[in-house]
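User: Please take a close look at the aromatic rings in this model. I should also like to see the wider setting described, with each technical term explained once.

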Amino acid sequence: MKPQKIYFLNIDLGIKHTGVESSALLRSMLFINQLEQTPVFITYKYRSQSMTEVQELIRQKKLASEVPVINLYDYFQKFVNYKDSSQSLYEGEVIVPLSDTRPLINFDVDDKRKVRAFYNQLNQRLHYIVHFYQGKRWRRDYYHETGNLSCTHLLDTEGNEVDKEIFYRADGSICLIKSYSFHPNGKRVLVRV
């Protein structure tokens with residue numbers, strides 16, 4: 001068969017994947033082994049740690065190493081350079097290392113949580129930071145595995161639901177904003193991009 005560009009469009013391609021994603025992974029092996037065609041996966045679910053998850057799929061031999069995986073958010077955000085130090089928050093009051101193995105909690109002067117940082121267990125990179133105001137969650141910042149701030153979730157007044165998602169480029173500028181509203185039945189609906 002003449003070489004062609006073949007694209008698989010998937011919502012996601014994470015370590016914990018659905019039956020549809022398992023089928024797509026198996027299909028990619030079929031294309032490589034039987035048709036001698038290497039497909040390209042395009043995924044469109046936001047994942048700040050997608051490169052690490054793809055590497056884990058390759059390590060587990062669920063994905064061939066020659067198969068390119070392009071996440072649309074990674075494509076538009078264009079993060080490339082790894083940062084190896086720490087993140088300074090609240091004018092230097094809180095320093096969060098970009099690599100660690102256990103969650104970090106910082107308290108304010110009233111002994112209430114100010115920030116809580118979580119790390120990806122596969123690569124020990126900063127995954128996200130939850131910000132608190134007077135003991136309530138109000139913001140969640142996701143960090144790309146390169147150490148760059150990737151996405152901010154602004155939460156509702158109860159600190160439970162995402163009202164707005166803000167996505168950043170490598171230079172810190174905003175590349176995409178998604179706004180949501182909530183129906184009385186509790187469903188979140190995208191109202192503006």
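Analyst: The account below begins with the whole protein, turns to the rings, and ends with the buried interior.

This is a predicted model, in which local features need pLDDT of at least 70 and side-chain atom pairs count only at pLDDT 80 or more, while totals for chains, interfaces and linings use all residues. Residues are numbered from 1 along each chain as its sequence is written, and side-chain values use heavy atoms, leaving out hydrogens and water.

The protein has three helices and 13 strands; these are DSSP runs numbered from the N terminus, helices being H or I with at least four residues and strands E with at least two. Its C-alpha atoms fill a box of roughly 70 × 40 × 30 Å along the principal axes. Of its 193 residues, 39% count as buried, a word for under 20% relative accessible area, with exposed for over 50% and partly exposed in between (1.4 Å probe, protein chains only).

Now to the rings. A pair of aromatic rings is described by the distance of the centres and the angle of the planes. Nine aromatic pairs occur in the structure; rings of Phe, Tyr and Trp (its six-membered ring) pair if their centres lie within 6.5 Å, and planes under 30 degrees apart count as stacked, over 60 as edge-to-face and the rest as tilted. Phe118 and Tyr128 are stacked, because their ring centres are 4.8 Å apart and their planes stand at 25 degrees. Phe118 belongs to strand E7 (residues 113–119) and Tyr128 to strand E8 (residues 126–133), so this pair ties together parts ten residues apart in sequence. Tyr128 also pairs with Tyr142; here the centres are 5.3 Å apart and the planes at 40 degrees, so the pair is tilted. This second pair links distant parts of the chain, since Tyr142 sits in strand E9 (residues 136–143), 14 residues from Tyr128. Tyr142 counts as buried because its relative accessibility is 15%. Phe118, Tyr128 and Tyr142 are members of one aromatic cluster, together with Tyr46, Tyr73 and Phe167.

Two further rings carry a charge over the face. The charged end of Lys78 sits over Tyr75, 4.7 Å from the ring centre, and Arg188 lies over the face of Tyr180 at 3.9 Å from the centre. Such a charge has NZ of Lys or CZ of Arg within 6 Å of the ring centre and within 35 degrees of the ring normal.

Another tyrosine takes part in a polar contact: the side chains of Tyr168 and Thr152 are joined at 2.9 Å. A polar contact is a pair of N or O atoms within 3.5 Å; within protein, one must be able to donate a hydrogen and the other to accept it, and residues adjacent in sequence count only if both atoms are side-chain atoms. Thr152 lies in strand E10 (residues 149–155) and is buried, because its relative accessible area is 1%.

Aromatic residues also appear in the interior. The largest nonpolar core has 14 residues, and Phe8 and Phe41 are among those with the most contacts inside it. Such a core is a set of buried Ala, Val, Leu, Ile, Met, Phe, Trp, Tyr and Cys residues joined through side-chain atoms within 4.5 Å. Helix H1 (19–35) and helix H2 (50–59) each give two or more residues to this core, and H1 supplies the largest share, four residues. Ser28, also in helix H1, is buried with a relative accessible area of 0%. Not counting residues up to four places away in sequence, Ser28 touches Phe8, Pro39, Phe41 and Leu63, where contact means heavy atoms within 4.5 Å.
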